[in-house]
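Hi everyone, thanks for making the time. I'll put the structure up now and then walk you through a few spots in it.

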Amino acid sequence: MTKLPTNWTGRDDAMVEHMIRRGASRRELLKMLMASGVAAAAGGSVLLRASTALAATPVMGGSMRAAGWSSSTADTLDPAKASLSTDYVRCCSFYSRLTFLDEAGLVQMELADTIETDDAQTWQVRLKPGVLFHDGKTLNAEDVVYSLKRHLDEGVGSKANSLAKQMTEISKVDDLTVKIVLESPNADLPTILSLHHFMIIADGTTDFRTANGTGAFVCEVFEPGVRSVAVRNPNYFKGQGPYLDSFEFIAIPDNNARVNALLSGDIQLAAAINPRSMRMLEGQPSVQASVTTAGNYTNLNIRLDMEPGARADFVEGMKYLVNREAIQQSVLRGLAEIGNDQPVPPANRYHNPNLAPRAYDPEKARFHFEKSGLLGTEIPMVASEAAGSSIDMAMVVQQAGAEVGMNLKVERVPSDGYWSNYWLQSPVHFGNINPRPTPDILFSLLYASDAPWNESHYKSERFDQMMVEARGSLDEEKRTAIYWEMQEMVANEAGTIIPTYISNVDGISSRLHGLRPNPLGGMMGYAFAEHVWMDA
Amino acid sequence: MMTLRSASTPDRGRKPRAYSFNWVGRIGLAVMLFWAVVAVIGPWISPHPPGEIVDWDYFGPVTENFWMGTDYLGRDIFSRILMGARFTVGIALAAVTLACTFGVILGMVAAVTGGWFDMILSRLLDAFNGIPSLLFGLVVVAAVGSSIPVLVLTLGAIYMPGAYRFARALAVNVNTMDFVTVARARGERTPYLIVREIFPNILGPVLADLGLRFVFIVLVLSGLSFLGLGVQPPNADWGGLVRENIEGLSLGAPAVIFPSIAIASLTISVNMFIDNLPTKIRDRSE
Amino acid sequence: MPRSLLPWLLVLQRLGIALLTLVIVSFAVFFATELLPGDVAQILLGQAATPEAVAGLREAMGLNEPALQRFLGWLIGMVVGGDMGTSYVNQMEVAELVSGRLGNSLRLAGVTTLVSVPIALALGIGAAMWRGSIFDRAVSVLTISVISVPEFMVATLAVLIFAVWLGWLPALSYGANVDSITAMLKAYAMPVITLSFVVSAQMIRMTRAAVIDTINTPYVEMALLKGASRSRMVLRHALPNALGPIANAVALSLSYLVGGVIIVETIFNYPGVAKLMVDAVSTRDLPLIQSCAMIFCVSYLALITIADMVAILSNPRLRK
Amino acid sequence: MTTPPLVRVRGLKIGATTDAGRKVEIIKGVSFDIAPGEIIALIGESGSGKTTIALSLMGHTRTGCAIHGGEISLGTSVVTAMTERQRARLRGTEVSYVPQSAAAAFNPSKRIMDQVIEIADIHKLMPPAQARAKAVELFRALALPDPENIGSRYPHQVSGGQLQRLSAAMALIGDPKLVIFDEPTTALDVTTQIEVLRAFKSVMAKGGISGVYVSHDLAVVAQIADRIIVLRGGEIQEEGPTDQILNAPRHAYTRQLLAAFEPVPHVPLAVPEAEARKPILEVVNLHAGYGPVRNGEPAAKILKDVSFRLERGRNLGVIGESGSGKSTLARAIAGILPPYKGSVLMNGHEMGRDIQTRSKEELRKAQMVFQLADTALNPAHSINTILARPLTFYHGLKGKARDARVARLLDMVHLPASLRHRLPGELSGGQKQRVNLARALAADPDLILCDEITSALDTVVAAAILDLLKELQRELGISYMFISHDLSTVEAICDDVLVMLKGEVVEALPAAEMSARATHPYSRLLISSIPKLDTGWLAGLEQDPQLVAQFAQR
């Protein structure tokens, strides 16, 4: 390890670590370090150390226990039904996908050897040969066809049903080749196939009490709502296989209990730590925080097709009333990036950086409310624990409203049934959208006129046309330009206020290494298990 | 002292000394009254609106401006405790009144009428007792959401069977007394027997029981809040305050310590008061 | 009728009433579940619950029959064959899902009982024996404080102190990796401590009250006038006659240990029946909800009945 | 006396703290001696401090009480100077206790033998086998049936009289020098009382044991005590040999006590001839019982085929021992316990079986007064409320008229009008019973059913109540049905007497000549069992053992 200059103290060390945890960029950090008179070289070495000892050599063996935040008897090993982070983690360790996204958000091949297309409509997927399922069966095209076709069957209850619908034909060409024909051209298919729901299972599988996949781990124990134990798959197709001998996954829904378990050493990874627990981790040498800003957001939706959202001034007023900075600082404790009311996060290569977030301006908000004639009317905002941090956000908005004479009332409703009963239904409500890898998925899911999750009931023919155009285009520059414009349209015209992109913070033991951020979400896009190792 | 006397034993014109109780009970009473007053005047004396973020920092320490520190969002805990008093005391009181009113009335009716009515009601409520109360609360709140009336009704429903059982047992005892037989032999109807003959004689223990039930309701309410079901934000009862700020516990944040103290002070004081009531009021309660 | 048959008839009557109670509870639970918004298909699909998807899943899960019909089917299966049915959510046998959790719950309840009942009885009897002494006062202050402090505070503080700061005990307790006695003791220590706190207070108070009640009877005064020591008066004369009410108090406290421990299960992540029921409710998994409710009810009735039996056995007048 | 006394009490003062924290002196400086082998009696009304003094001889005071002054010595040891531990050593060995109610003083959950020999166990006097043998000896000496096996029963399995004798065995097992009897026969029936008294007397005499006999009943005390101490308000009024106290009382209070024993002959009310022959109450073949009704008959049949007539202005006494069904009879007549067969006629027309089917007027005509004045008055209501209710209920009186009537009623029962704002808890037993009567009178009834209304009262107070009843009858012309186990009370007020046994009327007798006219063996046994104020009565009493075996519930 590089020797540190003498005026560099442990306190400074902690400060740098803290800033990194808060998501400070390398440039900001260096600026800070320069200002404090530390040599750039020394600062660099601190950064290196602080952002986990990346350079250390992986160690084989050992076992770990990780805790997610949600679990119930509905826990499933069926990738189509997977709905909670817990399911994703398990699916990632027991199964493999055709493709996956790396840290940079680029598509990499997993079970697929190549994916080819000429027109973005007809695709040829060639599989890697000799991949073995846990039960010894060899992976072939039938497994892939079965795995993908399941999503079209409504009886399966697939979460990816609406995405999968565009695959009008899925057929076996030969033992290792599958042909996929889409409804209309979509250049993003390889990215879509990297979603967790499109894990490949063996042909004909209907029993998911245990998992038979091609993943890095074999399922040894699975108790829904309790735990799973995974052991190393000796026949893993990626060669040397995972570093860990085994890992146990549980869920601790209570944030405080999860953090305490991490601090006491009962678990080595605590997923999705509430920002307000950050102070508990600070100054604890045995734990670290791993921050990912993948693009998960909690947004305030105002339906444009009914009162009060039908009055454009109300929507406009709300956009000024949302104090994004307060939400970032107070609700999320700085572990967020300020959002500009559109779903494509800064980490995404199609993100439009020129679109400035609306500034908090109570006067303008008041002006618009007055114009809409709703000043003083009681308007309920529906929030729930189901949409993370929405209650706190609602309180910030409500307080701001109270200050300009806008009577917004927070209505907290139960998590159970929130998604079917309030989300998309209430005039003013909160939603929570998990990261999606491409703007096309986001737009077609959330903003197209016929989008299943059109949160604000936004309708624009032009937007729909642009979406189809970009989707079918293989010209990157053109795509980017279209996507930038679409982002502007959403920010200005739709009723979805996206105040921040929320960072995911995973608490990890200092003994755990190899965890890197991933655009598909926390815990390395839920696939951490095969990449991490433990200090001996 | 005066309030207690007139409330619990309306007809008794004994010498005041007979109802004096020791200093532990007096402290309990003083704390109870203190919180009752706070519950009423709280909103007028709180320095900040309960929802206002007054500090960009969180889990702030006790300072000149923020007497009990700030919470996880940087709101003033002192103001929030003053506001929470109204919800905690109010909801618990409403629920306990509801539970006791229905429980006591049904209990007395069952004791006096006896027979099938008594048997069926007792069985039903017994069965209800077998359902864990927190789970019941969770289910109800999951079904209809959490609002103050729902909380009051739920908590009231949870404790009604207990109040019923207690009042029934007392009323059965009183019902066998000769003065009830005298009234019955006179030709008095059931409502008279219940209201005039039995009720005054079970009032003392019922009030003592009501106090204990109040404590349980405060705790169940805080338990429900802990599980995420309580008063609508930005308001919160004390249990809700503890839950919101539980992360601050290991930091020793005042934001979690003061609401906890508030809960404990209320429940302990009620217990102290009840435990030290003069035996005349309490003796039939155990 | 012959005298010897009488107790059996009583037992039969008891059982009949218990069964009736269970059926009543079952119907109540069913209607309550029906009131909950959303059904299992909607919940399972979550954000993906488009009307077509919900309809498809419902069809596939066989949920298109009217709910009442399904419930009655379940009830008949339960009453006739003890068949708890199949979970809607994950197609597992409810019996299988429940058995492990119930084992956990019973183990936790059992260990807590073993720890708390002797301590509570000892403290309660001691406080009654030396009524008004420093010991009595200390016990009363202790019980009042314990009764007055919310359970989650006790639990959270226990975790902070013993797991996080001292590192003596694990912060979690979920039944895994219990391969030695020490490991088991460690795993159960924290929830057991918390629960013992919660349930003991009531038992201590009731025991003390019951013993004091009997101490005030003429036969205990008679024992005093025979020259018996305080402990003899209490242990040999008062206690046997206070067993009935004490058993009742213990039963009520213990009934809490099966279904009422949701907070402890949450904080220590202990997979017991209470959490299972919460899960079942949140997924509207009717067979599972019903089965859990039955378990709570049966355990409650069983405990109450045991308490009654103790009361009867300890009293020769009722024993006939 | 040449031998030193066994017990020496000098200037004994005992204080008590009330619930409200007030301190009162309940024993105000009492001194007396007990010689070895002597039995003294402590006589007094309730509240006279007789039990408190007796218990203090064991160094025991009840909760809230404490010995404040004076000295008690037992043999050579000074009880008042002892520690609690030393006193415990004394109890059971030097001085032992026979309680008022053996039924309450036996631990219901333990076998009798274990309790009887417990003293031997506590003080390590002898091995258990020897103790058991000694207990059997005592059982035999106390004339208990089946002495070998009675010890293996539970207390609820033996009768009250047996239990009382068993408690004496319990007291004697440790060979005490002094035995304290605390009203040991008060709870017993008269026929049982005789046997128990005899047993006590003989074992005490045989062992030369000293005794303290606490009682309110002079006639009983006369049979057993050598000396009598008369107590009142925690002070000794008079002390002397039994004969002297009975025959030549010096103190006015003693004379008052004795006077209450004098039978006051009852003068029947003069009623116009035409009225007199009309029965006010007629009971025909009345059957009643408790428990679940099957085939129109209750499980436990108490009253069997009772018939009688009560004429206007006359009083009917009903006597019998506990369990004879006399209270049930009153309840059946009042409709509280609906009879399942037979009928009750009031002024010639038949009344409904239960309260619901009777008219207000029918209910009003027959009023009932209960034995325990404490439980018959609602402790939460003021006297005014209690008396006003029947006035409103039956007569629709309100406001001033009602107030005036309440005042009249209080005056009729000789209670000051100022009492109307008090609660029952603040009244004495006698006052409460008067209020009870006043409430019955408020209905303006023709008949008052009096269920043992004087039994719980002290002799003097009871006598006053009887006087009041007579006075009211003269003024209002009402009739009484008077239920009692005490023959002298019945004699004092009734014209006719029904003797009841096991739910049946065995004989109807004119009250004035009961002993002379009784023909039924049970009536004769019952009448002969009443103790007389004569020291030689018990010794001279001869009862047919066959009769006794047949009827007495010993």
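Okay, so start where chain C touches chain A: 45 residues of chain C are in contact with 36 residues of chain A. Bear in mind that this is a predicted model. Which elements of chain C give two or more residues to that side? They are α2 (40-45), α3 (51-61), α5, α7 (151-165), α11 (262-268) and α12 (273-283). The top contributor is α3(C), which gives 6 residues.

Let's stay in chain C for a second and look at a helix pair. Helix α5 (residues 94-129) of chain C and helix α13 (residues 286-313) of chain C have axes that come within 10 Å and cross at roughly 40 degrees. That angle is why we call α5(C) and α13(C) oblique to each other. The crossing of α5(C) past α13(C) is right-handed. If you want to find the meeting point, look for C:Val94, C:Leu97, C:Val98 and C:Leu102 on α5(C), which meet C:Pro287, C:Leu288, C:Ser291 and C:Ile295 on α13(C).

Now, the nonpolar cores. The largest one has 522 residues, and among those with the most contacts inside it are B:Ile217, D:Ile173 and D:Met481. Helix α3 (residues 77-113) of chain B supplies the largest share of this core, 21 residues. Over in chain A, domain 2 (215-293 + 503-534) and domain 3 (297-502) both give residues to this core, so it lies between them. There's also a second, separate core of 5 residues, including A:Phe100 and A:Leu520.

Last stop, D:Ile173. Setting aside neighbours within four places in sequence, D:Ile173 is in contact with D:Val116, D:Ile117, D:Ile119, D:Ala120, D:Ala131, D:Lys134, D:Ala135 and D:Leu138.

Note on methods. Residues are numbered from 1 along each chain as its sequence is written. Chains are lettered from A and ligands numbered from 1 in the order in which they are written. This is a predicted model: local features need pLDDT of at least 70, side-chain atom pairs count only at pLDDT 80 or more; totals for chains, interfaces and linings use all residues. A nonpolar core is a set of buried Ala, Val, Leu, Ile, Met, Phe, Trp, Tyr and Cys residues joined through C-beta atoms within 7 Å. A residue is buried if 20 or more other C-beta atoms lie within 10 Å of its own, exposed if 12 or fewer, and partly exposed in between; C-beta atoms are placed from the backbone. Helices (H or I, at least four residues) and strands (E, at least two) are DSSP runs, numbered from the N terminus. Domain bounds come from an automatic or database domain assignment. Two residues are in contact if their C-beta atoms, placed from the backbone, lie within 7 Å. Axes are lines fitted to C-alpha atoms, for helices over the stretch in contact, and angles run from 0 to 180 degrees between N-to-C directions. Angles under 35 degrees count as roughly parallel, over 145 as roughly antiparallel, 65 to 115 as roughly perpendicular and the rest as oblique. A crossing is left-handed if the near helix is turned anticlockwise from the far one by less than a right angle, and right-handed if clockwise.
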